[in-house]
Amino acid sequence: MAPLQTRSMAESDTLLTLESLSLAQGNRMVLENIDGHFEAGTITALVGANGAGKSTLVQGIMGELRPISGRVRCEVPNARRAWLPQQLALDLTFPMSVEELVMSGCWPTHGSFKRYGPPEYRRGQAVMQRLGLQAFEHRPLGELSGGQRQRALLGRTLMQEAQLLLLDEPFANVDAATVEVLIDVLRTMAAEGAAIIIVLHDHDQMTRLADRTLRLERGHGTWSTPSRAGDASSPAEMLT
Amino acid sequence: MIDWLFSPLLDFGFMRRALVAGLALSLVAPPLGVFLTLRGMSLVGDAMAHAVLPGVAVGFLLAGFSLPAMSFGGLLAGLLVAGLAGSVSRLTGHREDSAIASFYLISLAAGVMLISMRGSSVDLTHVLFGSILAVNGTALWLIVSVSSLTLIVLAAIFRILVVECLDPLFLRGQGIRGSAVHGLFLGLMVLNLTAGFQTLGTLMAVGLMMLPATAARFWSKRLEGLMGLAIAIGMVSSVGGLLLSYHAGLPSGPCIILFAGVVYLLSALFGRYHSVFARWRRRVQPMLPPDAHG
């Protein structure tokens, strides 16, 4: 992934901008005037009680919900935007193996007809190795544990070389070893220049992983920096 | 014996045409059925088969027994019902399957009424259950064209369908609306139902789509396996059903579908995965000593 040129810091590195974004579900206003920048290399935790509008915001960012007012500006092309759904959203009876799921990350760049060649398969193998999935390569998704499945899903986003990554509660129903692998991989992806947004519940994981948090409460968003030892890198303009 | 069994397929023009028609349909209808079962839409196919009827009836009333007219009418009616059901579910928030169910019932009643207004009950049976004698050159061209077109379109949207079945939001993230893919898929299905009704009848056409697909699920857990097996089962059923129909003097549609039905029942009993036998074997396994496991 080519590092982005540094024109003026905040301008060039911002991959996603929310400009007084308001979103509604049906005719119920859920979020009002949410502002924020998501820079390359940062991990943002999206927190809030159930029904606070986390999923709504994710839908808004994904372009699935049209804003009532304000807008979402995304500098990342579709092919480099990735999405890790909650596991419950997946159809686990679908006959697909781990390798096929990982390789489907090529789809946004390859489209319907372009062949997945040896370089892609080599990359797929490397991705699976990095996630500790080689042993399960040919196993159907329905026979995996929650943790293995989550690794496979993250494998798809790695394959996609995602620059903007949204994850919805990636650590739910996942074993401790997988949590470590996932945190490690996400940290590396951020270091390589991706902007990552994670819907999270666990406070401990939040402090370990997130550079910043966006807390949603009663329709409004509050930005903050989790207190982490030795962390003073967050620019002041991110905080509102 | 073998000669006696298979020679009608080669000796008679109408059997040859019916055979080619059946094989062409078996190449594309079962893969569509596989996607229908995977998307949890098994009954939607059935509903759409009924929805095609009034269009076929209007074609019949306007042009008599002309396959192109009846097929075109069927296609329009099917797409109309799919479109209406889609819009009703969007406008009212009801689930799409209940909207489709409502529309196909209206559609079926309208179709039966239209046919009985003008035609005889023989015509009605013919449209509902098909007749291989009616597969003439034009009909064959139509069927083969539809199969070829479906195969090409299915190849073009194959990866999208797979991605969408598993995780619709991934597709949405790439800026592709799931509803467009869904619409295209329903369109393909209606096209194949109308192509199939000549040999199989409107009510039976969906059988060649669903039964091979549901039977294949007892034998494979892989998508390509499901597709290949479903096609093979469809082809075997077409040939077997046609021969049965010829030798026993029975209507071809029910024969082909019953043949596929027997394959399904055998698969459900003895298939490799999830069948009655497979489950029974899995249950007794823990009783064996550890070294008896193979």
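Reader: In what handedness does helix 2 of chain B pass helix 11 of chain B?
Author: This is a predicted model. In it, the axes of helix 2 and helix 11 (residues 202-216) of chain B come within 7 Å and cross at roughly 65°. The crossing of helix 2 of chain B with helix 11 of chain B is right-handed.

Reader: How do the residues of the contact of helix 2 of chain B with helix 11 of chain B divide by class?
Author: Helix 2 of chain B contributes residues including Leu25(B), Ala29(B), Pro30(B) and Leu36(B), and helix 11 of chain B contributes residues including Leu208(B), Met209(B) and Ala213(B). Ser26(B) and Thr37(B) of helix 2 of chain B also take part, as does Thr214(B) of helix 11 of chain B. The division is 12 nonpolar, four polar and no charged.

Reader: Which helix of chain B gives the most to the largest nonpolar core?
Author: The largest nonpolar core has 157 residues, and Ile196(A), Ile198(A), Met48(B), Val52(B) and Val190(B) have the most contacts inside it. Val190(B), for one, touches Met48(B), Val52(B), Leu75(B), Gly78(B), Leu79(B) and Ala82(B), leaving aside residues up to four places away in sequence. With 13 residues, the helix that gives the most to this core is helix 2 (residues 13-38) of chain B.

Reader: Which element supplies the largest share of the side of chain A that touches chain B?
Author: In the contact between the chains, 19 residues of chain A meet 19 residues of chain B. On the chain A side, strand 5 (81-84) and helix 4 (107-110) each supply at least two residues. By class, that side has 13 nonpolar, three polar and three charged residues. The largest share, three residues, comes from strand 5 of chain A.

Reader: Which are the edge strands of the open sheet with the order 2-1-4 in chain A?
Author: Chain A has eight helices and nine strands, and three of the strands form this open sheet with antiparallel pairing. An edge strand pairs on one side only, and this holds for strand 2 (28-39) and strand 4 (69-74) of chain A.

Reader: How many bridges join strand 1 of chain A to strand 2 of chain A?
Author: Strand 1 (residues 14-25) and strand 2 of chain A run antiparallel. Thr17(A) stands opposite His37(A) in strand 2 of chain A. The number of bridges joining the two strands is eight.

Reader: Which helix of chain A packs on the sheet?
Author: The helix touches strand 1, strand 2 and strand 4 of chain A. Its direction makes about 120° with that of strand 1 of chain A. The helix is helix 2 (residues 54-61) of chain A.

Note on methods:
Residues numbered from 1 in each chain as written. Chains lettered and ligands numbered in written order. Predicted model: local features only at pLDDT ≥ 70, side-chain atom pairs only at ≥ 80, totals over all residues. Contact = placed C-beta atoms within 7 Å. Helix = DSSP H or I, 4+ residues; strand = E, 2+ residues; numbered from the N terminus. Nonpolar A, V, L, I, M, F, W, Y, C, P; charged D, E, K, R; others polar. Core = buried A, V, L, I, M, F, W, Y, C linked by C-beta atoms within 7 Å. Buried ≥ 20, exposed ≤ 12 C-beta atoms within 10 Å, placed from the backbone. Axes fitted to C-alpha atoms, helices over the stretch in contact; angles between N-to-C directions. Left-handed = near helix turned anticlockwise from the far one by under 90°. Pairing = 2+ DSSP bridges.
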